[in-house]
Amino acid sequence: MWLVVVLEFFAFAMVFFVIADLRASRPAVFREGQQALSPLVGAVATMLLVTSGWCAAEAVHAVRTELLPRARRFYLGAFVAGLGFAVLKVLDYVDKVRAGYTLGVSDFWDTYFLGTGFHFVHVVIGLGLIAYVGLRVGRTTFEDQETTVAGTALFWHMCDLAWFFLFPLLFVRS
Amino acid sequence: MRAAILILLLVFALLSALTGDLGTALALAVAKALLVGVEYMELRRAHRAHLAGFAIFVVAVAIGLLITARPSPPRSRSGDGGGSIDSTTTTAAPPDAAQKSGLSSSTVRARES
């Protein structure tokens, strides 16, 4: 799973550099686009993701110590907080599209939807993995429990890391 | 320990939203990434080389982003008199005069003066 995480992070890094380059080369376009973004919404999204990541880390620890009911509670917490992030992003996309900000409007919105959309896809995949492991842990014998449990959490933390860099690049005013 | 890290991460997330400086926000992103990597991704239990590699990669990405996101200096435009190629050609001799004499445009200009 570490290999997947490293490769994914390299892919995210390319997106980060595209956004950073746009910040530098088209500052007026970038500033104009940023006026429509709310740093507060971005901060709430970050808080939901880190809370979800903490729940995932606690769930892994609980599975290792064979506290399965506790592990399931934390998996549920990780899923709910992660779902909160996903719902917030969907509401954000709907809001932006209704306001007329779609792909092709400007370079800023192209990179915004590319960057956050790429991250959103990973969040949805991570939510699926967390739901699967959370529902199955203790009820199914995994072929390799440590890899399944810790690997899922690792993927989820990678989503956290990517958002940590996307947030300042997109939301902090240039 | 994990709960303490969560509180730190939440505080850093709030600070990132409040700061208006990209450098500060990226420094906070590095701090958050290192906290998650060391504690939640359990790199503190991994080999030191892996931990060091992770830290170096995160810091290098942040520095690279900061350099890339720095606004580029304004480029000189034609006719702005800023020593551009355009300003040189406006003072050069007409190309037809240089062609007729078989001399370079700078030589023609010097003879005319």
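Select A:C55 and look at its surroundings: in this predicted model, the residue is buried, with a relative accessible area of 7%. Show its sulfur atom as a sphere. The closest cysteine sulfur belongs to A:C159 and lies 15 Å away, so the two are too far apart for a bond.

Next, select A:C159. Is this residue buried or exposed? A:C159 is buried, and its relative accessible area is 0%. Seen from this end, the nearest cysteine sulfur is that of A:C55, at 15 Å, and A:C159 takes part in no disulfide. A disulfide is counted where two cysteine sulfur atoms lie within 2.5 Å. Because the count rests on that cut-off, the 15 Å between A:C55 and A:C159 leaves this pair out. How many disulfides are there over all chains? The count is zero.

Now hide chain A and colour chain B by secondary structure. Chain B holds six helices and zero strands. Step through the elements from the N terminus and the order reads α-α-α-α-α-α.

Stay with chain B and switch to a surface view. The accessible surface of chain B is about 7,000 Å², and carbon and sulfur atoms make up 63% of that area. For the interior, colour by relative accessible area: chain B has 113 residues, and 31% of them count as buried.

Last, display the contacts in chain B. Taking those with a separation of 6 or more, what share joins residues 24 or more positions apart? That share is 36%.

Note on methods. Residues numbered from 1 in each chain as written. Chains lettered and ligands numbered in written order. Predicted model: local features only at pLDDT ≥ 70, side-chain atom pairs only at ≥ 80, totals over all residues. Heavy atoms only, no water. Helix = DSSP H or I, 4+ residues; strand = E, 2+ residues; numbered from the N terminus. Buried < 20%, exposed > 50% of the residue type's maximum accessible area, 1.4 Å probe, protein only. Contact = heavy atoms within 4.5 Å. Areas by Shrake-Rupley, 256 points an atom, 1.4 Å probe, with all protein chains shown as cover.
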